[in-house]
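The exercises below lead through one structure step by step, each with a task sentence and a worked solution. Please look at the sequence and the model first, and try each task before reading on.

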Amino acid sequence: MMKRLGKIKWIAAVLSLSLISGCGTPSGQENKKGKEQVSLYDRGLRLVERMDTMAESENYWNMMTSSQEMAAVIKEIGAQDYSAPRAVYQVSLSENSMDLLKEFLGGDSSYDELPEELREELEDRLASSISTRFSAMAGTEMLAAASVLASSDHFIDSSLTENLTYFYIYDNGYWGAVTFLPYEDGIVHASGLMIKSDVFGEAGEEELFQWFTEYGGLLEEDISKVSP
């Protein structure tokens, strides 16, 4: 019972934290006819590399913050190489996550009475909160620095039908997390956030899966390796 209450409290916290990047429905343009489809892996990697470019640009982040503590974190992020992740994992919320969300909202009736667009908004915020939750575990300075570097994109990919987060794993002290949210007409909104990897310890692959399950709270079995 206590563990379940902890998960419900976690939902409340991460729904608030996910306001950093927002989850409003994006607008976008159709891909040109005949243009080769770019994979989610490549699109996510581009976002991670864009955040790295932001971190490398002192002129950019000086316009975003005057905090010396945040500047130190951003400089450290920008000093790393993100061109070749050691591994990439795909994470999606389990079916149980919506049951927990309904419980947090006071039961099925409270959830069902919400307009459809607000239900979708809650689900999107819950999905986006996965990366925010892990970034926040390294402390407020890391979360604030990550919010300065947060980047987003939108594109067309009709094959994506569920919310997904890709974790780009590096051995340089930081990871990249990119959440993909599909909308109508094949529009996909992608949002990237940096994570300090030492909150995960020195876990191997099996331990990493266990770590996600334990601290992610709602992820459970919906974790798979994308690469290599």
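Tyrosine 89 stands opposite lysine 225 in strand 6, and this pair is a starting point for the exercises. The model is a predicted one, in which local features need pLDDT of at least 70 and side-chain atom pairs count only at pLDDT 80 or more, while totals for chains, interfaces and linings use all residues. Residues are numbered from 1 along each chain as its sequence is written, and side-chain values use heavy atoms, with hydrogens and water left out.

**Exercise 1. Describe the strand pairs of strand 1 and state whether strand 1 is buried or exposed.**

Solution. Begin with the terms: helices (H or I, at least four residues) and strands (E, at least two) are DSSP runs, numbered from the N terminus, and two strands pair if DSSP finds at least two bridges between them. Strand 1 and strand 6 (residues 223-227) pair in the antiparallel sense over four bridges. Strand 1 also pairs with strand 3 (residues 164-169), again in the antiparallel sense, over five bridges, and here valine 88 stands opposite tyrosine 168. As for burial, a residue is buried under 20% relative accessible area, exposed over 50% and partly exposed in between (1.4 Å probe, protein chains only). Four of the five residues of strand 1 (residues 87-91) are buried, so the strand is largely enclosed by the rest of the structure.

**Exercise 2. Work out the order of the strands in the sheet, and find which strands stand at the edges.**

Solution. The open sheet has six strands in the order 2-5-4-3-1-6, with antiparallel pairing. Strand 2 (151-156) and strand 6 each have a single partner strand and stand at the edges, so one side of each is left without a neighbour in the sheet. On average, neighbouring strands of this sheet are turned by 25 degrees against each other, direction ignored; axes are lines fitted to C-alpha atoms, for helices over the stretch in contact, and angles run from 0 to 180 degrees between N-to-C directions. At one edge, strand 2 and strand 5 (residues 187-196) pair in the antiparallel sense over six bridges, and aspartate 153 stands opposite alanine 190 of strand 5. Helix 2 (residues 40-56) packs on the sheet and touches strand 1, strand 2, strand 3, strand 4 (174-182), strand 5 and strand 6, its direction making about 155 degrees with that of strand 2.

**Exercise 3. Follow leucine 45 and find which residues it is in contact with.**

Solution. Leucine 45 is found in helix 2, and it is buried, with a relative accessible area of 11%. Contact means heavy atoms within 4.5 Å. Leaving aside neighbours within four places in sequence, leucine 45 is in contact with Tyr82, Ser83, Pro85, Tyr168 and Tyr170. Between leucine 45 and tyrosine 168 there are 7.6 Å in space, C-alpha to C-alpha, although the two are 123 residues apart in sequence.

**Exercise 4. Describe how helix 4 packs against helix 2 and helix 8, giving angle and distance.**

Solution. Take helix 2 first: the axes of helix 2 and helix 4 come within 8 Å and cross at roughly 125 degrees. That makes helix 2 oblique to helix 4, where angles under 35 degrees count as roughly parallel, over 145 as roughly antiparallel, 65 to 115 as roughly perpendicular and the rest as oblique. The contact is made by Asp52, Ala55 and Glu56 of helix 2 and by Ile74, Ile77 and Gly78 of helix 4. Turning to helix 8, the axes of helix 4 (residues 68-78) and helix 8 (residues 140-149) come within 9 Å and cross at roughly 65 degrees. Residues of helix 4 in this contact include Val73, Ile74 and Ile77, and among those of helix 8 are Ala144, Ala145 and Val148.

**Exercise 5. Locate aspartate 185 and state what is notable about its phi.**

Solution. The place of aspartate 185 is in the loop between strand 4 and strand 5, where it is exposed, with a relative accessible area of 62%. Most residues other than glycine have a negative phi. Aspartate 185, however, has a positive phi of about 60 degrees although it is not a glycine.
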